[in-house]
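Work through the exercises below with the predicted model open beside you. Each task is followed by a solution that proceeds step by step.

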Amino acid sequence: MSRAGAVATLNALRKPVGASIQGPPALRPRPKGSPVKRRYSAFAIAREALRHHSGWTRTWKSPAPKSRYDVVIVGAGGHGLATAFWLGRNHGITNVAVIEKGWLGGGNTGRNTTIIRSNYLQDPSAALYEKSRSLYETLSQDLNYNVMYSPRGVLMLAQTEHEVRGYRRTAEANALQGVETEFVGPRRVKELCPIMNIDGPRYPVLGGLWQPRAGTARHDAVAWGFARACSDMGMDIIEQCEVTGVTREGGRVTAVSTTRGEIGCGKLGIVVAGHSGRLAEMAGFRLPIESVPLQALVSEPIKPCMDIVVMANTVHGYMSQSDKGEMVIGGGTDGYNGYNQRGSFLHIEETVRALVETFPMISRLRMLRQWGGIVDMTGDRSPILSKTPVENCFINCGWGTGGFKATPGSGWAFAELMARGESPLAAPFGLERFREGRFIDESVAAGVAH
Ligand SMILES: Cc1cc2nc3c(=O)[nH]c(=O)nc-3n(C[C@H](O)[C@H](O)[C@H](O)COP(=O)(O)OP(=O)(O)OC[C@H]3O[C@@H](n4cnc5c(N)ncnc54)[C@H](O)[C@@H]3O)c2cc1C
């Protein structure tokens, strides 16, 4: 390519067009009537390289809202978008709008530390998270969008006798559930992660729960991939549109009020994570849920030094290395409810202290960025996938600190529930479990780490 051509290409790449603030570069406005989706392939990349990348079109449409849809989903995070995708793919329902108050994926979906695993203790959780993990295995092919799923393995450290007993029990439960995990001793831990200090000053490493097909995926790409596929099915993804009220008639939702006008709906799905309590209030019911800031940080990029994900729940910190070389570090939740997307400083110190003790080599790393998200916590630390007291209104929330891993599976189950009125995967996670005292207690697996 000539120098002028290269400069033109770079300039085009620097100037994304489109409504999404942080979406992938949309290089050219879509000409009226042309198809949104062009299949991504090695051939397409070669073709575009030859014509200065002038043929790429918008990744998803950004239309004005119509007056009515069969289904309205509030919240264009991963779970809302995955729900819309499976509604179309599995149930043929495509007259769907996904409404987002900010930008697509700008909630917890774009703020998490991307850990994917399914080593939960209770059968309903293992079924749901393993379904999700297995969907991740082929998600890039299913969406024709590279979500960078990296099954590099997740290791949860046991640093007390109590944890050893707990993880041995989980490994046995996982064997019965068909989830591939193994309890490993300290020597194997050191082999898997040579930079770890297994003779830590406070809590030596006594072993760990190892899930070899767990790992990470690129969080934004998951949201963008689902959005592109939904848009291609004719669904409307409406960003910068906040739902401010829910209109009901005779016990049914008829419409939502938004900052871009009223939108009628046949069914309403609320998928807004930390804002679930507020949306439920608009729809006329209450949720047993709290909203709490959870934070994460990344270091400056360094050479590859760690090719698995490690979670140290006793000292509390977890870490993996991104493709760019940054160490991705997960912290704790604030000890009080809140809606700020930062988290308190106290936790940065706590988390970094825990990780320096586990990985002394990071002690001289500088931290690049820190941020927070608002997570939606239930009492039993399990999600809610449920019908509600309002007949045609459904709720998907309560994923707390660990819902990214569940994104495709949650969408699968919630779409089934919305389309058919029942779903075997979602059934144990109904709201009625709080009234009946039938909790799915995952406080060890989900309350602290991810
Ligand atoms: C720091 C951090 C680290 C995490 N690490 C992990 C991890 O490693 N692994 C893991 O599995 N999980 C992790 N999680 C949890 C995970 O990110 C969430 O459970 C998951 O992303 C929730 O997805 P969602 O689609 O339900 O919510 P969100 O992505 O938050 O989407 C909800 C959307 O609803 C929109 N919305 C809210 N109110 C309205 C309204 N009134 N009108 C219109 N739109 C509205 C919001 O703007 C938002 O975009 C982490 C979370 C945080 C904050």
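**Exercise 1.** Determine which residues of α3 and α8 meet, and describe how the two helices cross.

*Solution.* Begin with the residues themselves: on the α3 side the contact holds Gly78, Leu81, Ala82, Ala84, Phe85 and Gly88, and these meet Val222, Ala223, Phe226, Ala227, Ala229 and Cys230 of α8. Sorting these residues by class gives ten nonpolar and two polar residues, with no charged residue in the contact of α3 with α8. Turning to the geometry, the axes of α3 and α8 come within 9 Å and cross at roughly 35 degrees, and the crossing of this pair is left-handed.

**Exercise 2.** Characterise the packing of α3 against α11, giving the angle, the handedness and the residues involved.

*Solution.* The axes of α3 and α11 come within 7 Å and cross at roughly 55 degrees; the two helices are therefore oblique to each other. The crossing of α3 and α11 is right-handed. From α3 the contact draws on Gly78, His79, Ala82, Thr83, Phe85, Trp86, Leu87, Asn90 and His91, while α11 contributes Thr407, Pro408, Ser410, Gly411, Trp412, Phe414, Ala415, Met418 and Ala419. Divided by class, the contact of α3 with α11 consists of ten nonpolar and eight polar residues, and no charged residue takes part.

**Exercise 3.** Describe the packing of α4 against α11 by its angle, axis distance and contact residues.

*Solution.* Helix α4 (residues 123-137) packs with helix α11 (residues 407-420) at an angle of about 115 degrees, and their axes are 7 Å apart. That angle makes α4 roughly perpendicular to α11, because the range from 65 to 115 degrees counts as roughly perpendicular. The crossing of α4 and α11 is right-handed. In the contact, Leu128, Tyr129, Lys131, Ser132, Leu135 and Tyr136 of α4 meet Thr407, Pro408, Gly409, Ser410, Trp412 and Ala413 of α11. By class, these residues comprise seven nonpolar, four polar and one charged.

**Exercise 4.** Set out the domain division of the protein, and work out which elements supply the side of domain 1 that touches domain 2.

*Solution.* The protein is divided into domain 1 (68-111 + 220-288 + 380-446) and domain 2 (142-216 + 290-378), and the C-alpha centres of the two domains lie 28 Å apart. Their contact takes 25 residues from domain 1 and 17 residues from domain 2. On the side of domain 1 that touches domain 2, α8 (219-232) and α9 (276-283) each supply at least two residues, and the largest share, seven residues, comes from α8. The residues on this side of domain 1 divide into eleven nonpolar, ten polar and four charged.

**Exercise 5.** Where does the ligand lie with respect to domain 1 and domain 2, and which residues come nearest to the ligand?

*Solution.* Of the 40 residues around the ligand, those that come nearest are Gly75, Gly77, Gly107, Gly373 and Gly403. The elements that give two or more residues to the shell around the ligand are α3 (78-91), β12 (289-301) and β16 (367-378). By class, the shell residues divide into 14 nonpolar, 21 polar and five charged. For the final step, domain 1 and domain 2 both give residues to the shell around the ligand, so the ligand lies between them.

How values were computed
Residues are numbered from 1 along each chain as its sequence is written. This is a predicted model: local features need pLDDT of at least 70, side-chain atom pairs count only at pLDDT 80 or more; totals for chains, interfaces and linings use all residues. Axes are lines fitted to C-alpha atoms, for helices over the stretch in contact, and angles run from 0 to 180 degrees between N-to-C directions. Helices (H or I, at least four residues) and strands (E, at least two) are DSSP runs, numbered from the N terminus. Angles under 35 degrees count as roughly parallel, over 145 as roughly antiparallel, 65 to 115 as roughly perpendicular and the rest as oblique. A crossing is left-handed if the near helix is turned anticlockwise from the far one by less than a right angle, and right-handed if clockwise. Two residues are in contact if their C-beta atoms, placed from the backbone, lie within 7 Å. Ala, Val, Leu, Ile, Met, Phe, Trp, Tyr, Cys and Pro count as nonpolar, Asp, Glu, Lys and Arg as charged, and the others, Gly among them, as polar. A residue is near a molecule or strand if its C-beta atom, placed from the backbone, lies within 6 Å of it. Domain bounds come from an automatic or database domain assignment.
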